[in-house]
Amino acid sequence: MLIPDYFVPLRRKNLSIVWMKNDKMKNQYRVNEQIHVREVRVVGEDGSEVMPTRKALDLARQQGVDLVEISPNAQPPVCRLIDYSKFLYQQKKRQKEMKQKQVKVEVKEIRFGPQTDEHDYQFKLKHAQEFLLEGNKVRAYVFFRGRSILFKEQGEVLLLRFANDLEEYGKVESMPALEGKKMFLYLAPKKAGVAKKSQQKRDREAEEAAAKMADEERATQTKGEGLFGNAKNGAEALKKLQLDD
């Protein structure tokens, strides 16, 4: 039985190209014969060397790797001798690590009425402090319902007080401004966000601190008793020697 030509297995390199066909990153770099400049700078662990592109391709074939252009705008372009699939894997891994290190900033909303009472104000102030400590931005606004728009001055005073009370935690990005029936104030955190601890973790840390303190007190007490005991025994021994004499 004759097997059509299109069923013949592809070579390893061609297969890797087909496998990466839908990879978004693959179009960011030129590889092997896609590099059309006359010479390149090949970098490696031992340094770098400028050479004709044809020579660099020959070195790649001899080592069983690819010639990957990593800096096309340099003069001459910078390349590495590395397996292309391995190179893409390293790039993806590096991007993933950088993304994980980035602090995700969210915008948290705090809503007030033009005549918010003190208890409600303090409750919302505490939440805003937590949001800013976690690295999030805060958008506070006063909503004027119906004829309450007549009290817009009160709303502005409230937002300015809010910004002043949060001066230690955040900085004002924009002063109070009326947009329709809402007056907005934007605050940004002063410090980088920190992960918020769960109540269970805070309780566990408090228990560990208390246990450590108790251990230290017991150790101090035992040490004191030991010193007192030694002193007492020493005095009794000295008294006995005097009697013997």
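# A guided tour of the predicted model

Begin with the four strands β1, β2, β3 and β4, which form an open sheet of mixed pairing; read across, the order is β2-β1-β4-β3. The edges are held by β2 and by β3 (residues 66-71), and each has a single partner strand, so one side of each is left without a neighbour in the sheet. From one strand to the next, the twist averages 35 degrees. The structure on display is a predicted model, and a later stop concerns its confidence values.

**Strands β1 and β2.** Select residues 39-44 for β1 and 47-52 for β2. These two strands pair in the antiparallel sense, with six bridges between them. A hairpin of two residues carries the chain from β1 to β2. To see how the strands are aligned, display Glu39 and find Pro52 in β2, which stands opposite.

**Strands β1 and β4.** Keep β1 in view and add β4, residues 78-82. Here the two strands run parallel and are joined by three bridges. Which residue of β4 is the bridge partner of Arg41? Selecting Val78 shows the partner in question.

**Helix α2.** Next, select residues 53-63, which make up α2. This helix packs on the sheet and touches β1, β2, β3 and β4. The direction of α2 makes about 120 degrees with that of β2.

**The second largest pocket.** Stay in this region and turn to the second largest pocket, whose volume is about 260 Å³. Its lining consists of 14 residues; to find the centre, select Val43, Gly44, Glu45, Gln63 and Leu81, which lie nearest to that point. Which elements each supply at least two residues of the lining? They are β1, β2, α2 and β4. The most comes from β2, which gives four residues. Colouring the lining by class gives six nonpolar, four polar and four charged residues.

**Two loops.** In the loop between β3 and β4, select Pro76. The peptide bond that joins Gln75 and Pro76 is cis, with omega at about -10 degrees. Then move to Asn32, in the loop between α1 (residues 12-19) and β1. The phi angle of Asn32 is near 50 degrees, a positive value in a residue other than glycine.

**Another sheet.** Now select β5, β6, β7 and β8. These four strands form an open sheet in the order β5-β6-β8-β7, again with mixed pairing. At the edges stand β5 (residues 107-112) and β7 (residues 170-179); each has a single partner strand, so one side of each is left without a neighbour in the sheet. The twist in this sheet averages 20 degrees from one strand to the next.

**Strands β6 and β8.** Within this sheet, highlight residues 137-143 for β6 and residues 182-189 for β8. Do these strands pair in the parallel or the antiparallel sense? The pairing is antiparallel, over six bridges. For one point on this pairing, display Ala140 together with its bridge partner in β8, Leu185.

**Helices α4 and α5.** Add helix α4, residues 118-133, which packs on the sheet and touches β5, β6, β7 and β8. The direction of α4 makes about 170 degrees with that of β5. Then add helix α5, residues 152-165, which also packs on the sheet and touches β5, β6, β7 and β8. For α5, the direction makes about 5 degrees with that of β8.

**Confidence.** Finally, colour the chain by pLDDT. The mean for the protein is 77, and 69% of the residues reach 70 or more. Where does pLDDT stay under 50? Select residues 1-22, over which the value stays under that level. For this stretch, the model has ten contacts beyond four places in sequence.

Notes:
Residues are numbered from 1 along each chain as its sequence is written. This is a predicted model: local features need pLDDT of at least 70, side-chain atom pairs count only at pLDDT 80 or more; totals for chains, interfaces and linings use all residues. Side-chain values use heavy atoms; hydrogens and water are left out. On a 1 Å grid over the protein atoms alone, a cavity is a set of points where a 1.4 Å probe fits but cannot get out, and a pocket is an open set with protein on both sides within 12 Å along at least five of seven lines; lining residues have an atom within 4 Å of a point. Grid points are joined across faces, edges and corners, and a volume is the space filled by probe spheres set on the points. Ala, Val, Leu, Ile, Met, Phe, Trp, Tyr, Cys and Pro count as nonpolar, Asp, Glu, Lys and Arg as charged, and the others, Gly among them, as polar. Two strands pair if DSSP finds at least two bridges between them. Axes are lines fitted to C-alpha atoms, for helices over the stretch in contact, and angles run from 0 to 180 degrees between N-to-C directions. Contact means heavy atoms within 4.5 Å. pLDDT is the predictor's confidence in each residue, from 0 to 100.
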